[in-house]
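Me: I'd like a close look at one part of this protein, taken slowly, since I'm still new to reading structures. Could you start from a single residue and work outwards?

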Amino acid sequence: VSIRATELAVLGGYLDTVTAGSGNGGALVIDADTVRVETFGPYVGSITSLSDAGATGRAGSITIRAADSVTVSGSGENWLGGGFGPSLVATQNVGPGEGGTIVVEAPRIALDQGAIVAEGYASGRVGSIALRTQELTMLRDAQVRSTRAPGATGASGAIRIEGGGVLTLGARTATTVAPAP
């Protein structure tokens, strides 16, 4: 999936790619001036890539390139009945397939109750995250993390933040990497 736009706003909805078999998930590539992933009404916004339970294929990669800014903000209900959580950009592997990579490139990246996460729940390696920016702002429970669930055996992915500018961390923010097995 390739999206080119002046502005992309995912407001209380979702963009996703899923693999449920042996084939790899499709790449999701977004090129825009601004990208916003936000809560709208009670629902979170999300951009996700999933390697589903039993899938041996790798989750697709997510690449977001913005000329101006990327904002991930708000928390609320998950469209798919997954409870309450943050608006997010995420890659997940639920089965033995590997997680996809997430790359976000923009002069300004802002997370306000939002998250950029790579999560693993089984034996597949967890995806990695790369943020390339001059200004990263993380406020109110914002998260950048690569984690594996208890009992998962796949190795955690790396987090890399590149840039020569400003890093602002507000109260209760986290940038974490789970230990490798």
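Is D31 buried or exposed? And in which strand is D31 found?

Reply: Before we dive in, keep in mind that this is a predicted model. Now to your residue. D31 has a relative accessible area of 16%. The cut-off for buried is under 20%, so D31 counts as buried. You'll find D31 in strand β3, which covers residues 28-38.

What does D31 touch, once residues up to four places away in sequence are set aside? The list is I3, R4, A5 and R65. I3, R4 and A5 fall in the range of β1, residues 2-11, and R65 falls in the range of β5, residues 62-73. Those two strands are worth remembering, as they come back in a moment.

Let's widen the view to the whole of β3. Eight of its eleven residues are buried, so the strand is largely enclosed by the rest of the structure. What pairs with it? β1 pairs with β3 in the parallel sense, over nine bridges. β5 pairs with β3 in the parallel sense too, over ten bridges. If you want landmarks to click on, try L11, which stands opposite E38 in β3, and V35, which stands opposite V70 in β5.

V35 deserves a stop of its own. Ignoring neighbours within four places in sequence, V35 is in contact with L8, I30, I64, A66, S69, V70 and T71. V35 also belongs to the largest nonpolar core, a set of 29 residues. V35, I47, I64 and V89 are the members with the most contacts inside that core. Several strands give two or more residues to this core: β1, β3, β5, β9 (102-105), β10 (108-112), β11 (115-120), β12 (129-132) and β13 (135-139). Notice that I64, one of the contacts of V35, is also among those best-connected core members.

Now for the charged side chains. Side chains of opposite charge can pair when their charged atoms come close. Your strand has a nice example: R36 and E7 meet in a salt bridge, at 3.4 Å from N to O. R36 sits in β3 and E7 in β1, and the two are 29 residues apart, so to speak a link between distant parts of the chain. With a relative accessible area of 27%, R36 is partly exposed, and E7 is partly exposed as well, at 42%.

That pair is one piece of a wider pattern, as the structure holds eleven salt bridges. Another of them joins E105 and R132, whose closest N and O atoms are 2.7 Å apart. Here too, distant parts of the chain are linked: E105 is in β9, R132 is in β12, and their positions lie 27 residues apart in the count. E105, R132, R160 and E162 are linked in a network of salt bridges. A further salt bridge runs between R145 and E119, with the closest N and O atoms 3.1 Å apart. R145 lies in β14 and E119 in β11, so this pair ties together parts that are 26 residues apart in sequence. E119 is buried, at 10% relative accessible area.

Finally, step back and look at the whole thing. The protein has zero helices and 17 strands, so to picture it, think of strands and the stretches that join them. Of its 181 residues, 45% count as buried, and D31 is one of the buried residues. Among contacts between residues at least 6 apart in sequence, 81% join residues at least 24 apart. The R36 and E7 pair, 29 residues apart, gives you a feel for that kind of separation. The accessible surface comes to about 8100 Å², and 52% of it belongs to carbon and sulfur atoms.

To retrace the route: start at buried D31, follow β3 along its parallel partners β1 and β5, pause at V35 in the core, and end at the salt bridge between R36 and E7.

Definitions and conventions. Residues numbered from 1 in each chain as written. Predicted model: local features only at pLDDT ≥ 70, side-chain atom pairs only at ≥ 80, totals over all residues. Heavy atoms only, no water. Helix = DSSP H or I, 4+ residues; strand = E, 2+ residues; numbered from the N terminus. Buried < 20%, exposed > 50% of the residue type's maximum accessible area, 1.4 Å probe, protein only. Contact = heavy atoms within 4.5 Å. Areas by Shrake-Rupley, 256 points an atom, 1.4 Å probe, with all protein chains shown as cover. Core = buried A, V, L, I, M, F, W, Y, C linked by side-chain atoms within 4.5 Å. Pairing = 2+ DSSP bridges. Salt bridge = Lys/Arg side-chain N within 4 Å of Asp/Glu carboxyl O.
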